[in-house]
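User: Please take a close look at one part of this model, the nonpolar core and the aromatic residues that belong with it, and set it in the context of the whole chain.

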Amino acid sequence: LALDRTRGAVTIVNGDDLFNGALLEALRRDPSPAAAVVDLSRPLPADAMKVTLDGRRVTSLGKAIPDHLAAGNAIGLYRFGGGTEDLLREEIRRWVVGGQVGAFYVAAINALAPRVALGAVPTAGLTWCEVDDAADLAAAQIKVAQIQTEETWPPVGSQRDARPGARKNRFEYSTNASVTTLPNAARDTNSGRSPSTVNQTT
């Protein structure tokens with residue numbers, strides 16, 4: 001429903017996700033026409049949205065993928081641009097018209113994976129979590145504190161290696177990364193368009 005109300009590139013963010021804002025910036029900067037943020041760490045959580053990879057391209061997504069075949073966990077941040085957003089709209093519309101309205105939207109992304117260059121953007125050790133229940137909510141307090149520490153250290157413009165043991169992050173920290181819901185949008189400086197952000201609650 002939200003995709004029909006958007007124009008141009010689309011960023012999808014699961015509504016139960018908390019994450020370091022640098023991950024959203026890394027997703028925006030990825031050169032692939034479409035991309036997904038993937039946590040490559042082990043062990044995989046029981047409810048992981050597992051992915052298989054060919055190099056850095058996502059070839060399939062699904063919770064039923066066997067752990068030994070999975071390269072990581074798609075955390076719920078996706079971007080579609082360069083025409084792939086139209087393919088996503090068409091794929092989801094086809095599922096709805098066919099009566100498959102109970103399927104999770106990632107099933108449509110999985111169906112597109114063979115036809116779309118879906119790049120994997122690694123979390124690179126940056127903190128994220130999802131909040132599905134009371135236990136997750138309690139644990140999220142620690143995660144949020146970790147995220148706040150990551151986003152404020154090292155300060156923008158400072159030497160990253162100034163503090164012994166400081167996390168080295170391949171992505172640039174962003175002090176103003178934000179997630180917006182329809183009808184607001186963040187400016188895409190690469191394309192000159194304003195990509196819509198769809199906040200998807202799982």
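Analyst: What follows begins with the chain as a whole, moves to the core and its rings, and ends with one helix.

This is a predicted model, in which local features need pLDDT of at least 70 and side-chain atom pairs count only at pLDDT 80 or more, whereas totals for chains, interfaces and linings use all residues. Residues are numbered from 1 along each chain as its sequence is written, and side-chain values use heavy atoms, with hydrogens and water left out.

The secondary structure comes to four helices and nine strands, taken as DSSP runs numbered from the N terminus (helices: H or I, at least four residues; strands: E, at least two). From the N terminus on, the order of the elements is β-β-α-β-β-β-β-α-α-β-β-α-β. Of the 202 residues, 43% count as buried, that is, under 20% relative accessible area with a 1.4 Å probe and protein chains only, where over 50% is exposed and anything in between is partly exposed. Among contacts (heavy atoms within 4.5 Å) with a separation of 6 or more, 71% join residues 24 or more positions apart.

The largest nonpolar core has 20 residues, a core being a set of buried Ala, Val, Leu, Ile, Met, Phe, Trp, Tyr and Cys residues joined through side-chain atoms within 4.5 Å. The members that touch the most others are Leu 61, Tyr 78, Phe 80, Ile 109 and Leu 118. Two or more residues each come from strands S1 (10–14), S3 (34–39), S5 (57–62), S6 and S7 (118–122) and from helix H3, and H3 gives the most, with four residues. Leaving aside neighbours within four places in sequence, Ile 109 is in contact with Leu 61, Tyr 78, Phe 80, Leu 88 and Leu 118. A second, separate core of 14 residues includes Val 13, Ala 35, Leu 77 and Trp 128. In soluble globular proteins, nonpolar side chains tend to be buried together.

The rings of Phe, Tyr and Trp (its six-membered ring) pair if their centres lie within 6.5 Å, with planes under 30 degrees apart counted as stacked, over 60 as edge-to-face and the rest as tilted. By this rule there are two aromatic pairs. In one of them, Tyr 78 and Tyr 105 meet edge-to-face, 5.9 Å centre to centre and with 90° between the planes. This pair links distant parts of the chain, since Tyr 78 lies in strand S6 (residues 72–80) and Tyr 105 in helix H3 (residues 105–112), 27 residues apart. Both Tyr 78 and Tyr 105 are buried, and ring pairs link Tyr 78, Phe 104 and Tyr 105 into a cluster.

Strand S5 also holds Gly 62, which is buried, with a relative accessible area of 14%. Leaving aside neighbours within four places in sequence, Gly 62 is in contact with Ala 48, Met 49 and Lys 50.

Helix H4 offers a view of another part of the chain. The buried residues of H4 are Ala 140, Ile 147 and Glu 150, and they pack against strand S2 (17–19) and strand S8 (128–130). A kink of about 35° in H4 is centred on Ala 140, the bend at a residue being the angle between axes fitted to the seven residues ending there and the seven starting there.
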